Amino acid sequence: MLFRQEKKPFHDLHLHILPDMDDGARDIRMSAGMLQEEIRQGCEGLIATPHYYPTESISEFLTRRQRAYRELEDWIESEIPDWSGRIGLGAEAAYHNGLVCDPDLEKLCMGHSRYLLLEMPFEKWTSGMLRDVRTLIANGIRPIIAHLERFPEYAGEDAIGELLEMDVLIQMNAGALLHRSSHHRAVTMVKNGITQILGTDSHNLDSRCPNMKDGLAVMRKDHLGRQADEILDNNAAIYRAAME
Ligand SMILES: [Fe+2]
């Protein structure tokens with residue numbers, strides 16, 4: 001793209017980089033390639049957020065996640081030791097009936113923080129779902145709603161309005177700013193203050209590749225530089241909270 005090069009470093013809080021963990025990086029070679037691309041674009045730290053679905057227990061998920069993380073850390077320690085310890089662990093927790101009652105739920109939060117990346121369902125949102133989000137907040141968890149821009153067809157304006165009144169943070173995928181079909185909606189959301197966090201949600205090196213630099217460049221080109229800076233600060237603060 002012919003946009004101005006992004007100069008500021010960034011933190012990516014949503015990506016599927018752990019090898020052979022979910023539908024993201026299929027092996028260590030792809031994980032390494034994604035990490036190298038993130039670094040090339042200016043990434044200074046990231047939180048790996050593999051999908052969590054209730055097809056397994058949280059404890060089984062954490063065991064698999066630790067194994068995948070260890071494989072990536074071993075590669076980092078031998079190839080780019082400067083990056084050792086810069087990857088935090090989280091999850092993209094799929095909303096389901098019963099999620100909020102799981103006693104292990106807080107183990108899916110980002111690192112040592114209470115931030116939980118929550119993927120709302122791709123089906124009509126019900127009042128029970130919104131009540132569960134309220135329960136999460138009452139339990140001291142701060143939900144980060146993953147890629148809200150993908151949900152209007154499912155949620156409807158009323159449900160989204162209700163969600164936005166809660167103490168949640170909204171994450172947008174950088175790709176939403178880049179694609180013609182979603183660009184207008186994404187820019188409008190940023191202008192209206194409905195985005196606090198930008199993530200790549202990258203899964204691989206082609207169709208869903210790391211694209212933070214291009215997403216930020218589009219924001220600056222669209223006169224959203226102030227919002228881009230605020231989002232980068234938010235990303236950095238959450239990363240720090242997770243890594244403390
Ligand atoms: Fe994701």
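1. Strand β6 is a good place to start in this predicted model. All 5 of the 5 residues of β6 are buried, so the strand is largely enclosed by the rest of the structure. Y115, L117 and E119 point one way from β6, while L116 and L118 point the other way. That fits the usual pattern: in a regular strand, side chains alternate between the two faces of the sheet.

2. On one pairing, β6 (residues 115-119) runs parallel to β7 (residues 142-145), with 4 bridges joining them. Have a look at Y115, whose bridge partner in β7 is R142, and at L117, which stands opposite I144. To get from β6 to β7 the chain passes through helix α3 (residues 127-138), and this β-α-β crossover is right-handed.

3. What joins β5 to β6? Strand β5 (residues 92-94) is parallel to β6 and is joined to it by 3 bridges. A94 has E119 of β6 as its bridge partner; E119 is also among the buried residues of β6.

4. Moving on from β7, you will find 2 bridges to the parallel strand β8 (residues 169-173). Here I145 stands opposite I170 in β8. Helix α4 (residues 152-164) joins β7 and β8 in making a right-handed β-α-β unit.

5. Finally, do check the helix pair α7 (residues 212-221) and α8 (residues 225-243), which pack at an angle of about 145° with axes 7 Å apart. From α7, the residues L216, M219 and R220 meet G225, Q227 and A228 of α8. By type, the residues of this contact are 3 nonpolar, 2 polar and 1 charged.

Technical notes: Residues numbered from 1 in each chain as written. Predicted model: local features only at pLDDT ≥ 70, side-chain atom pairs only at ≥ 80, totals over all residues. Axes fitted to C-alpha atoms, helices over the stretch in contact; angles between N-to-C directions. Contact = placed C-beta atoms within 7 Å. Nonpolar A, V, L, I, M, F, W, Y, C, P; charged D, E, K, R; others polar. Pairing = 2+ DSSP bridges. Right-handed = clockwise from strand over helix to strand, strands pointing away. Buried ≥ 20, exposed ≤ 12 C-beta atoms within 10 Å, placed from the backbone.
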